[in-house]
Every structure is written in structure tokens, then in C-alpha cells.
Amino acid sequence: MKTYDVIVVGAGHAGCEAALASARMGCDTLLFNINLDSMALMSCNPAIGGLGKGQIVKEVDALGGWMGRIADETACHFRVLNLSKGPAVQSSRCQCDKQLYRLAMKRVLEKQEHLFLRQGLVEELVVEDGRIRGILDNTGCFFGASAIVVTAGTFLDGVVHVGTSRQSAGRAGEIASIGLAENLRKLGFATGRMKTGTPPRIRASTIDFSVLERQDSDPEPRPFSFTTKRLREERLPSYFGATTEATARVIRENINLSPLYSGAIRGVAARYCPSLEDKVMRFSDKKSHPVVLEFEGLDTEEIYAKGLGNSLPPELQEQLVRSVPGLERAEIMRSAYAIEYDFVQPTQLLRTLETKQVRGLFMAGQTNGTSGYEEAAGQGLWAGINAALAVQKREPFVLDRADAYLGVMVDDLVTRGVDEPYRMFTSRAEYRLMLREDNAGFRLMRKGLDLGLITREQYEGLEERERRVREGIAELSSVKIQPDPETKKILEGMNTQPVKNSTTLYHLLKRPEVHCDNLKVFGVLADDPGEDVKRQIEIGAKYEGYIQRQQEEVQRFKSLEAKTIPAGMNYGAIPGLSRELVKKLADVQPVSVGQAKRIPGMTQAALSAVLIYAKKREAEEKTAGSSGKITEDAAVAHGESGP
């Protein structure tokens, strides 16, 4: 068979981004999927984005990925979450037509140069002398490659549970990947089991929407992608309801039939997204729980019943659904189910998402213990880029926690590992005021250009926006207003207090009630620079002090990241370290002082011992004094004490 530069195993959201990135960077790439008709399938909710996730989609787009573009093309409901709060925690979300999304991504994949698609089941990774050589499929055919990206999703030894029924499956109706799961264990990877689930799909014509609260799309939606010029006009509403005491009674009286409580499921579920059984049993004081009904597409009767996820037998699921006001006559088209599957502990990965024990082997998505389309797409793009760079013998691509939400996610995974499905939240990002949705392009598009995933024309568009931001700030900073009667009258019209002294319009813009459009009355911004530009100017003015303080925090963070720790340290030889920390340090193999500090359980005394040992080793290797190397003073400078 033909040998490829890169092979991607699995065409979910991670696999699609990995394959497209690799191919667009010039690598002959083969994308395997068990069923080519289910590539980019939205297995669970028909939505892209959300709190913390919208930032990831914007960053993927800024680097040249495709999720944002396809979401914009197929979306039929848009919302900006946390709009009443500050820009650091605002996140975009859209509902898509899930079949249109799948077909649109399939079209992009099929047309991509250097990308080859193949339907098949990968059974084994072929490894020689610690390096990946290729894969064997279930027919015994060998496909060679210099790099492989595994993005198996929930398919690694996946098992679907509905009541007492237990079936091997990657998701309902699709076969599991059992051979590959066994192969990964044989190769020595530490794996675990996780659990997720999906709610029932209900027939729209059997729902009484009149008793439910309707939520329409934002009237002027913001697209995810900077490439989007026009959004489709079709819109679909969402509806809100709630469970009742009758719902809880169905669950309490039949909890022994839930595989979550019978012991049939061993996989760890996410605390932040519990099933309805968990909500009822763990929060018995709650009289009801929210239910959100979302259309799965423009031309389908299927409704996604968010909040009703469970794994009870079908006959009980019907009782449960019909206990919700508005759903008394509802027909279930697809039953809810739980699924458990294997994942690989991500502390076994380098920051490039390449595995430590097999060179050329990368992993992304739920294989790494994450949850969500967006987290998967971000990792897929990251792994696909690094797989291509490795083949081309170029420097790896890595972002840190101050660069992007993507950097936060990857650092969390490879440094902390996971004990439940990992999901991105804005609270995970220490520097979230600087990692906003609105500035993703300004932060990352240059990197996308350097990788060959952003065109020169696209980047010039960004430069033009940057120029307009600078010019707008300069113009507002150059125009002063005086505390005279005319100005007082204008400011009263803006519902803001009069000025007491001469001040610039840029300083006036710091007031919460003043916006760029208000200032046009003073003869500025005559040529409207555009909503994106005005948003950047306003945020820069209103949050200037906060941003400056965060920039200072970033500089301190960067100084710790710049102090490297030698590879291959024998942590067992360091006096004063607990066995637990020795194991964690050996597993993670931190590359910097900053990363070492973020290892769970790390103490100041332990870090000091590591720094002193590293300095001693460097001295022995006669490399002390080189740029970024650790010195004994580093321990003192950052408040560390001796062991």
C-alpha cells in the first residue's frame, strides 16, 4: 500500500482539523474513519461554542482551522453568552443544522489537496524501535506513515448502556474500536475509562411549545470566522422548560435500573455535566431541573432535549419525558444512552501532543480525556500541525497559557492529567482578559500565516483592522473636550456626568455608559471603522488598567517559563521529594520551572530541591550560564526555600 506523510485515525471534530491542517501544510495525509458518512458528526448536541468553548473556536479559526467556518455556514441560532458581563467571559454559541454541518465538512475534506479519505477500521499501530511506522486495518492491510494522529473519540472499546442493555459501540449504531484499544494497552500506555451520555431526541410535532419559554436568536449575530461575509437567514428558536416532582419520582423509584447506580458503568463521568439521575439523587433538595429543547436542523422533526440525559430503560425514559410540562404527549425518536470508553492519560504526552514513548505518534480529542467538540477541534488542529512539522523537520508549534485558551488546555492536560472528562471554562484561563474572543485574530493569525494555514491576503485584512484600531485610538486621544455648557449638554444626552476638567475623548470612553458611536457627535470617527474595530478601541479604553496589570502578570509567568529544566532528570535521586511527587515529576517531565510549579501537589520546598538539583546537573555538564538556564538564585527570586 502507499506510504503517507501523516495518517489521522478517526474523522470526528479532532480528526477533521488534524487532517486538514496536515494536508494544507503540504503533507500527504490519509484520514481513516469507520464510516465516511459520519465524518464530523455532531454525536450529541447540535451546537458549537459556549462558555470558554467559543474562545477555542475563535482561536482555531484564527490559526486557519475550519470549525468556525462550518459553524457559520450551517448555524440557525446565535447567542452571545454572558453579554451583560465583561468581555473576558463573553462567549459565542450557535446551534447548527447537524446534517448540514457534517455534509459541509465532508465537502471540504473531499476537496482538500494532499488529503486522502478511506473508510476502514484501524486495528493496530505498527511501532519499530520506539517509532511509529504505520497502521494495520481490520483486513490486515498495512499503511505506512512518518506520523500518526489518533483521534478515536468514544470509540476505544466503547460500550453503550440503556438500562440493563449493554452493547459494544462507539456511539449508537456504530461499531467500537476494540483492537486499537487493546493495542494501545499492549504498547504500554496507561489508559482509563470515562463515561458520557446523550439525551433523548423528541418529535417536534408531539410537543406543546405554547407552555414553554421561547428564546430567539440574537438579532445581529457575530460570526465565529473572520472569513464569514454573510450568515444564512433561516433561524430556529430554542425552548425552555423544567422537570417536575413526577420526573424525580420516576428516577428514584427505578434508580436500580440505571447502569450508573447498578455498578454496570465503571467510567468516570463529568461533575459539571451530570445525568438527570445524578441531578435527582445528588440534589434531592431541588424541586426541578432545567430542560432546553433545541432543533437538530432546519428540515427535521428531531429535538435535542438538553437536561434529560439518562440511561434508564426505554419505557421509563418515556415516563420521564412525559412528566415534563409541554411534553405530555411527546414521542421519543431516539433513546437517551450512556457510553463508556477508554482514554489515554495525557501526562504521557509532550506539549506538542506527541506521545513520550512512541516517536511520531500524536493523540487528540476525547482520546486524551477531554469532552466537547471544541476541545477536540483545538487539539486536533494542534496535533495535526505538529505532526506535519515533525515530518518536515521544522520547529514544533506550542502556545502557552498566556497565548491562548488552546495553550491553557494543552498545558492542563499534559501537566495535570485528568481524573474526569476535561472541559474548558473561562475560569481555567488566568489571563482571560487578554485571551478574549474578540482579539483571537490579533493574537494568533500571524502564527497561522507562518504555518501556511492563513493566506497573505487574509493576514493583510487583519493588519488593516489593526491599523484602524491604532488610528482610532490616536484620533480619540488627540481630541479634548472642555467643561463648557455645550459639552455638558452633549454628555447629559449620553446619560453621563459632565467633565470637571479638560479631558480627551479616549479618556471619556472609559466610562461604562459611553461608546464609540456616542463620540461621533464631536466630529470623530467620521469614517466608521467597523464594529470589530470599535469593540477593540472600547475594550482597550475601559479595561486599560486591568490589562496593564495582567500584562505584568504575564511577564512574571513568561520569566518562569523561560527557565528550562533539563530533560531526563532522575527525580528519584533528589533528596526530600515524596514518592508521589517523584512519580508525578517523572510522568510529566516538566520542561520549565513554570510547568513544574503547576504540577498538582508541588510545594515550594520541593520545587526548590528540583531547582538546586537541576543547577548541580547543569554545572556537571558545563552548561551553566546559558540563556534561560536555572541558577540557584532562581529559587530565592521566586520565594522558594530549601528542602
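This text follows some of the salt bridges in the structure and then turns to one helix, α16. The model is predicted.

Side chains of opposite charge can pair when their charged atoms come close. The structure holds 49 salt bridges, and three of them are taken up here one at a time.

One of these pairs is Arg133 with Glu128, whose side chains meet at an N to O distance of 3.8 Å. A salt bridge is counted when nitrogen and oxygen lie within 4 Å, so the 3.8 Å between Arg133 and Glu128 qualifies. Neither end of the pair counts as buried: Arg133 has a relative accessible area of 36% and is partly exposed, and Glu128, with 43%, is partly exposed as well.

A second pair sits in helix α13, which runs over residues 456-478. Here Glu464 forms a salt bridge with Arg467, and their closest N and O atoms are 2.3 Å apart. An α-helix has 3.6 residues a turn, so residues three or four places apart point the same way. Glu464 and Arg467 are three residues apart in α13, which separates them by about one helical turn. Glu464 is partly exposed, at a relative accessible area of 31%, and Arg467 is partly exposed at 30%.

The third pair lies in helix α16, residues 531-542. The side chains of Arg535 and Asp532 meet in a salt bridge, with 3.1 Å from N to O. Arg535 and Asp532 are three residues apart, about one turn of α16. Arg535 is partly exposed at 22% relative accessibility; the limit for buried is under 20%, so Arg535 falls outside that class. Asp532 is partly exposed too, with a relative accessible area of 46%. Elsewhere, salt bridges with shared partners join Arg401, Asp411, Asp412, Arg416, Glu430, Glu561 and Arg598 into one network.

What else can be said of α16? Its 12 residues should span 16 Å at 1.5 Å a residue, and the C-alpha atoms at its ends are 16 Å apart, so the expected and the modelled span agree. The buried residues of α16 are Val533, Lys534, Gln536, Ile537, Glu538, Ile539 and Ala541. Lys534, Gln536 and Glu538 are thus included in the buried set, while Arg535 and Asp532 are partly exposed.

Which helices are included in what covers the buried residues of α16? They include α12 (440-451), α13, α15 (505-508) and α17 (544-562). Among them, α13 is the helix that holds the pair Glu464 and Arg467.

Key. Residues numbered from 1 in each chain as written. Predicted model: local features only at pLDDT ≥ 70, side-chain atom pairs only at ≥ 80, totals over all residues. Heavy atoms only, no water. Buried < 20%, exposed > 50% of the residue type's maximum accessible area, 1.4 Å probe, protein only. Helix = DSSP H or I, 4+ residues; strand = E, 2+ residues; numbered from the N terminus. Expected span 1.5 Å × (residues − 1). Contact = heavy atoms within 4.5 Å.
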